[in-house]
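Student: I've got a model open and I'd like to go through the labels people put on it. Can you show it to me, and then we'll ask what stands behind each one?

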Amino acid sequence: SMHARHSSGQRLWLPSLKPSPSCFRMRLGQSLASPCMWTPALSDVNIVKGCVIFSLLKVMIHQSAHREVIEAYVQTAEHCGTVLRNVRSSDAEFILSLRTNGALNKHISATPGGVAEQRKWIERYLERFDKGEEAYFIAEHSGVPCGTIRIYDYDANAETFVYGSWLMSMAAPACCAFSATILSHDLGFKVLGFSKVLFDVRKD
């Protein structure tokens, strides 16, 4: 299934069509005529580590393809040595160390409990990820975890997502925070097909 935009601006539901990651990603040199269930209208092309990533004109990824396209994206996407990978239960201690750091947590929600509770939260997140509701990443630089970033609160009607949970270790390279932001926005716009991103800005 997928969404399409009628000329009146109304969003239509096309139940017979299902996006295939092969429509979005192909190795350089592979034919543009590689088989897939539908033909995308290209509005942009982005080359990341030998792969071509397409964004679609007024078409968004359906929830059923969420996991597959994101896993394909993070396997090859990189910016200035920084990569993203999906959060897993073993990251609980690292995430908790960031969220309970007084120098980093001034503008984020409180994180109750310890490592065990954080693991439970991650398990619930992974269920939401599989349902196509959000994506939470560890940013790594040269193989070392350096922070977190999350995209969530997807709104298909408004074509918006929210960007947050942006925390970087005090030891992270300066470029890591910027690169993680670039990658998460690239994913939201060019892969998932959103038109706008929302985020919280505070003066203090």
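Student: Where is I149 found, and what makes it count as buried or exposed?

Tutor: I149 is found in strand β8. Strands here are DSSP runs of E with at least two residues, helices are runs of H or I with at least four, and both are numbered from the N terminus. The cut-offs for burial are these: buried means under 20% relative accessible area, exposed means over 50%, and partly exposed is in between (1.4 Å probe, protein chains only). I149 has 0% relative accessibility, so I149 counts as buried.

Student: What is I149 in contact with, apart from its neighbours within four places in sequence?

Tutor: Contact means heavy atoms within 4.5 Å. On that basis I149 is in contact with L84, A135, Y136, F137, Y163, G164, S165, W166, A180, T181 and S184. Y136 is 13 residues from I149 in sequence and 6.0 Å away in space, C-alpha to C-alpha.

Student: Before we go on, what kind of model is this, and how are things numbered and filtered?

Tutor: This is a predicted model, so local features need pLDDT of at least 70 and side-chain atom pairs count only at pLDDT 80 or more, while totals for chains, interfaces and linings use all residues. Residues are numbered from 1 along each chain as its sequence is written, and side-chain values use heavy atoms, with hydrogens and water left out.

Student: Okay, what about T82: how do you know whether it is buried or exposed?

Tutor: Same routine. T82 comes out at 0% relative accessibility, so T82 counts as buried. The place of T82 is in strand β6 (residues 82-86). Not counting residues up to four places away in sequence, T82 touches A77, A139, E140, H141, C176, S179, A180 and L183. H141 is 59 residues from T82 in sequence, yet the two are 4.5 Å apart in space, C-alpha to C-alpha.

Student: What makes S165 and S142 worth a look in terms of phi?

Tutor: S165 has a positive phi of about 50° although it is not a glycine, and phi of S142 is near 55°, again a positive value in a residue other than glycine. Their settings: S165 lies in strand β9 (residues 160-168), whereas S142 sits in the loop between β7 (135-141) and β8 (144-155).

Student: And why does each one get its burial label?

Tutor: S165 has a relative accessible area of 14%, so S165 is buried. S142 has 64%, so S142 is exposed.

Student: How do you know which label fits I182?

Tutor: I182 is in helix α4. The relative accessibility of I182 is 35%, so I182 counts as partly exposed. I182 and E78 are 104 residues apart in sequence but 9.6 Å apart in space, C-alpha to C-alpha.

Student: Now helices. Why is the pair α1 and α4 called oblique?

Tutor: Two packed helices are described by the angle between their axes and the distance between the axes. The axes are lines fitted to C-alpha atoms, for helices over the stretch in contact, and angles run from 0 to 180 degrees between N-to-C directions. Helix α1 (residues 66-76) and helix α4 (residues 174-191) pack at about 135°, with axes 11 Å apart. Under 35 degrees is roughly parallel, over 145 roughly antiparallel, 65 to 115 roughly perpendicular, and the rest oblique. That makes α1 oblique to α4.

Student: Which residues make that contact?

Tutor: V69, I70 and Y73 of α1 meet L183, D186, L187 and V191 of α4. By class, that contact has 6 nonpolar, no polar and 1 charged residues. Here Ala, Val, Leu, Ile, Met, Phe, Trp, Tyr, Cys and Pro count as nonpolar, Asp, Glu, Lys and Arg as charged, and the others, Gly among them, as polar.

Student: What makes α2 and α3 roughly perpendicular?

Tutor: Their axes come within 9 Å and cross at roughly 110°. α2 and α3 are therefore roughly perpendicular to each other. The contact is made by A92, E93, I95 and L96 of α2 and V115, Q118, R119 and I122 of α3, with 5 nonpolar, 1 polar and 2 charged residues.
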